[in-house]
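Visitor: I would like to learn how to read the features of a structure such as this one, beginning with the whole chain and ending with single residues. Could you take me through it step by step?

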Amino acid sequence: MSSGVYKLRCNLFGHSKDVRAVATTQDGLIVTASRDTTAKLWAPVNNGSEYEEKQVFKGHTSYVTSVCVLTGDKDHLEGLVATGSRDSTILIYSMNGGEPLHTLTGHSDTVSCLAWGDRVLVSGSWDHSCRVWRNWQCSYVVNGHDGPLWSVALAPSEDVDNATRSVTVLTASADKTIKLWLDETERKTFTGHKDCVRGLTFLNPRHFLSCSNDACVILWSITGEALSTYYGHTNYIYSISLLSKEGDFVTGGEDRTLRVWGSEGNCVQTIHMPAQSVWAVAALPNTDIVCGSSDGMCRVFTRIKERQADAEGQKEFEENVAKSTMAVEDLGGIKKTELPGKEVLLAPGKRDGHTVMVREGEKVNCYSWSASDQQWTAVGEVVGGAGGSQSTSGKVLFEGKEYDFVFDVELDQGTRFKLPYNSCEDPYFAAQRFIHRHELPQEFLDQVATFIINNTKGMTLGVEGNTQFADPFTGGSRYQPGASGPAPGGADPFTGGGRYVPDALGTSDPSSSANYSTQGAIALPPPSHFFPQLIPLKFEACNSVGMMSKLTECNFMLSQDKQLSNVVLEQMVEAVSGGSDSNPQFLAPLETALQWPAEQVWPALDVLRLALQSERMQKVWLVEDRGLALINHLVSLVRPPSSPNAQLLSLRCLANMAAHVEGRCILAKMWEQVVSATVEISPYPNKNLEIAAATVLLNYSVILSINTVGKLENQCQVMSGAAAVAMCSKEPEAQFRALVALGTLLYHSEECRSFSASLDLKPVIQNLSGVTSPSKVGECAGHILRLL
């Protein structure tokens, strides 16, 4: 790699929310995609350092999660742009037109990644599938992963003229694996990452790189061998892009950094960013770097001095970085009184990107060593983090893996090592691993094991003990940050009821001693007084006078041969006005009323909503094919072009269907259709629809938590949907119910907690954790962060 140092070229202002994906063209254009539901095209201004917005691509109904530039189309020599979205669609645009030319449908969840090559478009989705498209039609679908897909890559080929040749594709997933496909056939599975695999890039036809939430990059041979593992990031790595034919590459991640790597896997430059998440990176043909981040900005960096921003622009960027705050978990929990003063900055750093925390009065600031400038650079104030840190979850990230403890061990000769340990491990096993790793004398075994035993004695995961920590070699103390203890059990957040779960549900009281073990097993996380929710919620309000009035009005609008008599309408309303004792005998005419046109059907849906509270009613109406037909009808009324009233009452019917076993069984069979329809119509036109949608998802979280046969795929789709509802809703009650749905699933399922990072839940929850009115929204979000 050239010895030039990357510095800011320019900022691209225009998006109002996170820039989640970026792509570049051979002639130096940039395409960005954002949570604000748009993508934008940017072009350089007069071959100078700046870029300007040239085009806005609109058409998606939810945030845009992936983008790809398509070349080689004879009808559009200037190129095409493909975008994938949370709305499950792919839109194809002309480079010069803002309206979509083609809409590709088929995925049932977020289209998270796109790749183009040899006139073939490949898409990956959170629905666990990869689709191959030719001529805007899906040629075939490959399924094989157990989790959402996050990246796809087409193998490079010299045979560019053969549009019908076999397609070789890599897919990366939240199930921690990478798969190689030759057309529809799975050829190989690559295992080695310890968390969700987020990015892929080919070096050449025989080698590729992958990055992961485990904070490492792996170099692979296409034959299956992991050749090298590269460490540098201290948190999730979201994106990776090739910089040169020699194998230089760039990565971006959750540790607020953009990192440039040489072809040998050595990190040659660390660029700190004034944003928590560097979501996407891409290289321009001139080796400039484009990155999109969580502050809604896209930035371009260059090694060429003539293209770099002027001194004022560089200073502004550095000041923004210095002003930004860095959560303690980004660098590990440290006791403030043990930190050095500014005198530590008089000595040079050990490597590029080497970070130190410095005590400056009451503040703690972080500095990073720039090897190129031979100086320390301020990268932000260090503050306490919310969730996911050692101080809140007891977990520390070390070389891509989380541990309950990572001790700093300094040998007598001054050498410092990290000693990782999990509470469920045998102390002597961890001690032997430490000795082997660092080639220490075997006589240290008892000393290290005793140190582990003494310093973890009586510790419970997530709870600080009173033990003082001492280095096994020097006797020096080590501070262990405090952690949040178990939250007390509480009442149902909606009804005030207690949290005892009947044995019929197959779940014990979460506070019961039966859930805990003294044999080293990991217990359930502490319950919150907000979740887990154990009883489905219902919409029970009944205004019989208003219902009769609307039924009569809509009935009158029908042709005479389709009208029901007023006596029949009165009998229907009377049958459901008594609460949960609806008599199916008096509701037979309701089947006719439910077939009214979409504009008039909603009062009949209101009758059905109340009827579904009755167990007698459910046993008659939700049996076999009759139940499937009813739920299909409700799903059709949720989807456009139904009126908001019909959508609202259909969602309320689906929510009330969860009141009894019969309804829960039919909802479990139809989970994909119901959840998809519920989420697809977001953003919702009013607060009542927001609450109804959140309640449907909350009830699904209860069903999936008490149903032991629920698949992780179901849980992930409900979590994804609840996060989408929480993010787009303005009504606090809807936000709260969506959060309770998330908390319920995360509490009950360790697999859900593992997959939560792959679904990008944390940014949504962190955003809601700041809500103070009503306080229950922010507090519930804070409780969820402890599980992530």
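What follows is a conversation about the chain, a sheet, some aromatic rings and a few single residues.

Guide: Please keep in mind throughout that this is a predicted model.

Visitor: How many helices and strands does the chain have?

Guide: A count of secondary structure elements is a reasonable place to begin, and here the chain has 19 helices and 38 strands. Of its 788 residues, 56% count as buried, and residues 24 or more positions apart account for 53% of the contacts in the chain with a separation of 6 or more.

Visitor: Which order do the strands take in the open sheet of four strands?

Guide: A sheet is read by following its strands from one edge to the other, and in this open sheet the order is 22-23-24-25, with antiparallel pairing. Strand 22 (237–242) and strand 25 (267–272) are the edge strands, each of which pairs on one side only, and the twist averages 20° from one strand to the next. Inside the sheet, strand 23 (residues 249–253) and strand 24 (residues 257–261) pair in the antiparallel sense over four bridges, and Val250 stands opposite Val260 in strand 24.

Visitor: How many aromatic pairs does a search of the whole structure find?

Guide: For ring pairs one reads the distance between centres together with the angle between planes, and the search finds 14 such pairs. One of them is formed by Phe57 and Tyr93, which are 5.0 Å apart centre to centre with 50° between the planes, a tilted arrangement. Phe57 belongs to strand 5 (residues 51–57) and Tyr93 to strand 8 (residues 90–94), so the pair ties together parts that are 36 residues apart in sequence. Both Phe57 and Tyr93 are buried. Elsewhere, Phe190, Phe202, Phe208 and Trp220 form one aromatic cluster.

Visitor: Where does the charged end of Arg20 sit?

Guide: Here one looks at the position of the charge relative to the ring, and the charged end of Arg20 sits over the ring of Trp279, 3.8 Å from its centre. Another case is Arg626, which lies over the face of Trp621 at 4.8 Å from the ring centre.

Visitor: Is Ser221 buried or exposed?

Guide: A residue is judged by its relative accessibility, and Ser221 counts as buried because its value of 10% is under 20%. Ser221 is placed in strand 20 (residues 216–221), and its side chain is joined to that of Thr223 by a polar contact of 2.7 Å. Leaving out residues up to four places away in sequence, Ser221 touches Phe190, Arg206, His207, Phe208 and Leu227, and among these Phe190 and Phe208 take part in the aromatic cluster.

Visitor: Which side chain makes a polar contact with that of Thr171?

Guide: The partner is Trp181, with the two side chains joined by a polar contact of 2.9 Å. Thr171 is found in strand 15 (residues 168–173) and is buried, with a relative accessible area of 0%. Beyond its neighbours up to four places away in sequence, the residues touched by Thr171 include Cys130, His145, Leu149 and Leu200.

Visitor: How far apart are Val702 and Arg664 in sequence and in space?

Guide: Separation along the chain and separation in space are read side by side, and Val702 and Arg664 are 38 residues apart in sequence and 9.7 Å apart in space, C-alpha to C-alpha. Val702 lies in helix 14 (residues 687–706) and counts as buried at 0% relative accessibility. Apart from neighbours within four places in sequence, Val702 is in contact with Gln533, Leu534, Ile535 and Pro536.

Definitions and conventions
Residues numbered from 1 in each chain as written. Predicted model: local features only at pLDDT ≥ 70, side-chain atom pairs only at ≥ 80, totals over all residues. Heavy atoms only, no water. Pairing = 2+ DSSP bridges. Helix = DSSP H or I, 4+ residues; strand = E, 2+ residues; numbered from the N terminus. Axes fitted to C-alpha atoms, helices over the stretch in contact; angles between N-to-C directions. Buried < 20%, exposed > 50% of the residue type's maximum accessible area, 1.4 Å probe, protein only. Polar contact = N/O pair within 3.5 Å; in protein donor to acceptor, adjacent residues only side chain to side chain. Contact = heavy atoms within 4.5 Å. Phe/Tyr/Trp six-rings, centres within 6.5 Å; stacked < 30°, edge-to-face > 60°. Lys NZ or Arg CZ within 6 Å of the ring centre and 35° of its normal.
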